[in-house]
Amino acid sequence: MPTSPLTFAFDATCNALDAVPYVAKLIWNPASNRIEQQLFPLQRESVSPTQIRIHGRFDTHPLDIIETRLGILKRRKQSIQLLAWYLTVPSGYLILLGDGQDLAAKARIDAYLAGTLSVHDLVQHKFDVTKASSEWASCPTNLSRPTPAQRRSRLEARRYELLNELQDVDAELRTLDLLPSKELQTEKKSASSNTTVQTTGQ
């Protein structure tokens, strides 16, 4: 079974700052005998004083369990976190296992991560992990994160463009400095008009 990482894109905006969206890998910690989260580093962007956007890409391996939070749903007397759990499959998809309200799905995930449940039993009906697919597909290989060398090359090219643009701006500013100011031109025109009037009066 392939073990190379797969890259997925995530983008969520939430109005409640107390339930910021995230993506995390769930792992079993045998020392504490419980599940822990490993949050992926995604970009954080303030859309408004009360709105936050989390977006970016994350890498996960086949058979990993991924947890996402899209935000929170607030009702009159309760708030429900919009959680969901997914299984990464080798074919390059994230398969939905259940949402935050599905306690049975959470129990199966706990057992799977603890090593007491087969991956084929993660959903209520048995399925073929190697053939499963969903709407959440991985990013094409050519759109995955660039290597450090590729990133450096792009940054150097961008720096060269910016330096050239700055040189053009400096040249134009120097040209403008050589031109007489608008106020000086206005004063000269006014003085010329007064001289003409006096001459005509004599």
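A patch, as I use the word, is made of residues with over 30% relative accessible area and no salt bridge, where like charges are joined within 9 Å and nonpolar side chains (Val, Leu, Ile, Met, Phe, Trp, Tyr) within 5 Å. The areas come from the Shrake-Rupley method with a 1.4 Å probe, and for residues only the protein chains shown count as cover. A salt bridge is a side-chain nitrogen of Lys or Arg within 4 Å of a carboxyl oxygen of Asp or Glu.

Now the model. This is a predicted model, in which local features need pLDDT of at least 70 and side-chain atom pairs count only at pLDDT 80 or more, while totals for chains, interfaces and linings use all residues. Residues are numbered from 1 along each chain as its sequence is written, and side-chain values use heavy atoms, with hydrogens and water left out.

Back to the patch. Val169, Leu173, Leu176 and Leu179 make a nonpolar surface patch of about 360 Å². Leu176 belongs to helix H2, residues 148–178. Helices (H or I, at least four residues) and strands (E, at least two) are DSSP runs, numbered from the N terminus. Leu176 counts as partly exposed because its relative accessibility is 47%; buried means under 20%, exposed over 50%, and partly exposed lies in between (1.4 Å probe, protein chains only).

Next, the sheets. Two strands pair if DSSP finds at least two bridges between them. One open sheet has 5 strands, paired antiparallel in the order S3-S2-S6-S7-S8. Strand S3 (34–39) and strand S8 (93–99) are at its edges with a single partner strand each, so one side of each has no neighbour in the sheet. From one strand to the next, the twist averages 35°. Angles run from 0 to 180 degrees between N-to-C directions, with axes fitted to C-alpha atoms, for helices over the stretch in contact.

Within this sheet, S2 (residues 22–29) and S6 (residues 65–74) pair over 5 bridges, and Lys25 stands opposite Ile66 in S6. Helix H1 (residues 103–114) lies across S2, S3, S6, S7 (79–89) and S8, at about 55° to S2; contact here means heavy atoms within 4.5 Å.

The other open sheet I will show has 3 strands, S1-S5-S4, again with antiparallel pairing. S1 and S4 are its edge strands, each with a single partner, so one side of each is left without a neighbour. S1 (residues 6–14) and S5 (residues 51–60) share 9 bridges, while 5 bridges join S4 (residues 43–48) to S5. S4 and S5 form a hairpin with 2 residues between them. Arg53 in S5 stands opposite Thr13 and also opposite Glu45.
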